[in-house]
Amino acid sequence: MKRILAACLFLAACATSTDIGTESTPAFSANAFKAHVQFLASDLLEGREAGTAGYDIAAEYVATQFELMGLVPGGADGSWFQPVPLRASWRNTNQISLTLIRPGESTELVFQHDFLLRSSPIDEVNEFEGEAVFVGFGIDAPNRGHNDYEGLDVRDKIVVSISGFPKGWPSEEGAYYSSGANKAKTAQKYGAKAGITVYTDLLEMRAPWVRMTQNPNRMSLSWIDKNGVPHTSAPSIRIGGILSPDASGLLFDGAPRSYETIRQEANEGAPSGFALPVRLSLKAGNRYEDKVSANVVGMVRGTDPVLRNEYVVITGHLDHLGIGTPVDGDAIYNGALDNAAGIAAMLEAARALQSDPPRRSVIFLAVTAEEKGLLGADYYARNPTVPIESIVANVNLDMPVLTYDFTNVIGFGATHSSLEQSMRTALAKMGLGLAPDPFPQQAIFVRSDHYRFVQQGVPAIMLATGTDSVDGKGKGLEQLNAFLRTHYHQPSDELNRDIDFAAGAKFAEVNYYILKAIADATERPTWNEGDFFGDLFSSPSP
């Protein structure tokens with residue numbers, strides 16, 4: 001079986017390069033781009049979920065491509081792979097409960113109908129009973145003079161927070177403070193033992209409860225550190241969860257302000273916190289299994305005798321969602337655009353760059369477990385195969401929407417560093433424009449693999465197809481929104497859709513020129529003066 005698989009991979013690798021040639025000036029082919037996507041998004045790979053055989057086949061494919069192109073292995077011990085040790089967990093539904101306790105009465109809520117809980121990956125079962133304290137958004141932001149915990153005693157208690165951040169804050173800064181990881185770290189800092197999130201109007205619009213509970217038993221992953229302990233942002237917070245909008249109101253019965261009042265205050269500003277007149281009894285259990293899933297690492301050596309010891313890292317996540325709840329009879333979440341297309345662009349840029357190496361070295365990193373919390377990128381950024389201080393920039397490719405011929409490109413995060421100028425220089429060679437972030441309220445800069453490099457102080461951007469197309473201004477944005485509404489994280493993100501593979505080849509060429517611009521520049525990229533993320537992460541994140 002292994003020989004058959006190896007032969008198939010070799011034939012697939014050859015097929016992707018037949019119409020490329022070996023010209024000194026790199027060419028980009030729609031057929032070559034399509035061949036990569038066709039293999040990676042096939043049903044054979046069963047959605048490429050991290051820790052599964054389907055993902056492993058995809059990783060072998062990428063490694064085979066790297067070797068065929070003549071890249072240098074950049075993984076562990078001279079291989080193409082960096083194994084990432086993972087702790088997989090699944091909710092044990094017969095060990096999950098949430099009870100509201102008031103003098104003389106208790107109300108047991110119904111899992112999945114009223115709430116979802118998740119136990120820390122450190123222990124199989126966690127139980128805790130304590131007083132509940134409402135802490136507003138649950139944010140402590142010294143640079144904005146805002147602390148939701150001020151005047152509240154939450155030590156050895158359960159904090160209840162609303163999702164999101166105060167109205168009027170910059171979206172990316174707000175997204176940093178309002179992430180689940182940062183809210184858990186803040187709760188831990190003030191001595192809390194568990195955390196519960198309740199809905200706001202905005203969350204209800206973005207993620208209706210029915211969608212939140214669509215796959216309650218989907219596998220969760222954490223990477224395991226050198227001491228054999230699963231990595232978590234707040235190890236003292238052993239239970240976390242979220243309540244449905246209806247169940248959220250029960251927490252505030254008899255409280256100084258009602259849940260509806262709190263939701264309205266969240267729309268207008270930042271509601272202040274107070275002790276809730278209820279105790280919560282929480283229990284969450286998981287079934288665990290340890291796995292290994294590998295990042296794939298290839299390198300193009302730089303030509304400059306000094307600058308070749310500096311590295312530009314280009315990332316794209318190789319994993320997707322695997323097999324899940326069927327939609328119209330289809331249970332395989334193939335991830336053709338998310339992110340087989342991003343990997344295809346990476347591979348084609350690697351092929352082109354290998355034929356025309358830049359001054360700095362370039363690392364091509366196909367990462368695992370992005371869909372589980374940016375885990376593969378986080379593991380690499382904290383355990384890089386080259387010194388972290390020698391990594392000068394990260395360019396990330398995640399879900400290019402290739403359903404139209406784009407005329408501009410989005411660089412999420414470009415405004416934070418000198419990488420914006422590198423992008424403009426590269427795009428000018430192709431007659432393309434740089435589009436502003438069309439979704440500032442979604443704070444995409446902190447939601448994909450590049451952010452793990454930002455947390456280690458590395459300037460980074462994420463590239464995506466733009467808002468305009470040859471059909472007219474704004475037509476690209478219409479296509480982007482249509483994909484997000486209909487096919488994002490659905491089984492319908494597959495090959496039997498109208499994918500423009502010529503646009504894919506064009507996107508790969510864009511990435512080639514951007515990498516060249518960064519890797520050939522005399523000066524390494526820098527954060528803009530006074531930039532929030534540059535100042536925040538000038539020292540790498542612990």
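Two residues are in contact here when heavy atoms of one lie within 4.5 Å of heavy atoms of the other. With that in hand, let us walk through this predicted model, starting with a pair of neighbouring helices. In helix α4 (residues 171–178), Tyr176, Tyr177 and Ser178 meet Gly180, Asn182 and Lys183 of α5. How are two such helices described? Two packed helices are characterised by the angle between their axes and by the distance separating those axes. For α4 and helix α5 (residues 180–189), the angle is about 50° and the axes are 5 Å apart. That angle makes α4 oblique to α5.

Two of those contact residues lead us on to the aromatic rings. Tyr176 and Tyr177 belong to one aromatic cluster, which also takes in Phe165, Trp169, Phe445, Tyr451, Phe532, Phe533 and Phe537. Trp169 has a charged partner too: Arg144 lies over the face of its ring, at 5.1 Å from the ring centre. Elsewhere, Lys506 places its charged end over the ring of Phe406, 4.9 Å from the centre.

A search of the whole structure gives 25 aromatic pairs. One of them is formed by Phe134 and Phe274, a tilted pair with 5.4 Å between centres and 50° between planes. This pair links distant parts of the chain, with Phe134 in strand β6 (residues 125–134) and Phe274 in strand β13 (residues 274–300), 140 residues apart. Are these two rings on buried or exposed residues? Phe134 has 0% relative accessibility, so it counts as buried. Phe274 counts as buried as well, because its relative accessibility is 8%, and the cut-off for that label is under 20%.

Strand β13 now takes us to its partner β17. The two run antiparallel and are joined by 5 bridges, with Val297 standing opposite Leu365 in β17. Strand β14 (residues 311–317) also pairs with β17, this time in the parallel sense, over 7 bridges. Here Thr315 stands opposite Leu365, so Leu365 of β17 is faced by Val297 and by Thr315. How enclosed is strand β17 (residues 361–367)? 7 of its 7 residues are buried, so the strand is largely enclosed by the rest of the structure. In a regular strand, side chains alternate between the two faces of the sheet. In β17, Ser361, Ile363, Leu365 and Val367 point one way, while Val362, Phe364 and Ala366 point the other way, and all are buried.

From β14 we can step across to β18 (391–397). These two strands run parallel and are joined by 6 bridges, and Val312 stands opposite Ala393 in β18. Strand β18 continues the pairing with strand β21 (residues 460–465), again in parallel, through 4 bridges. Asn394 stands opposite Ala460 in β21. Since 7 of the 7 residues of β18 are buried, this strand is largely enclosed by the rest of the structure.

Our last stop is helix α11 (residues 375–382), where 7 of the 8 residues are buried, so the helix is largely enclosed by the rest of the structure. Which residues are they? The buried residues are Leu375, Gly376, Ala377, Asp378, Tyr379, Tyr380 and Ala381. What do they pack against? Their partners include the strands β13, β17 and β18 that we have just visited, along with β2 (81–91), β11 (220–223) and α13 (450–454).

Methods:
Residues are numbered from 1 along each chain as its sequence is written. This is a predicted model: local features need pLDDT of at least 70, side-chain atom pairs count only at pLDDT 80 or more; totals for chains, interfaces and linings use all residues. Side-chain values use heavy atoms; hydrogens and water are left out. Rings of Phe, Tyr and Trp (its six-membered ring) pair if their centres lie within 6.5 Å; planes under 30 degrees apart count as stacked, over 60 as edge-to-face and the rest as tilted. Buried means under 20% relative accessible area, exposed over 50%, partly exposed in between (1.4 Å probe, protein chains only). A charge sits over a ring if NZ of Lys or CZ of Arg is within 6 Å of the ring centre and within 35 degrees of the ring normal. Two strands pair if DSSP finds at least two bridges between them. Axes are lines fitted to C-alpha atoms, for helices over the stretch in contact, and angles run from 0 to 180 degrees between N-to-C directions. Angles under 35 degrees count as roughly parallel, over 145 as roughly antiparallel, 65 to 115 as roughly perpendicular and the rest as oblique.
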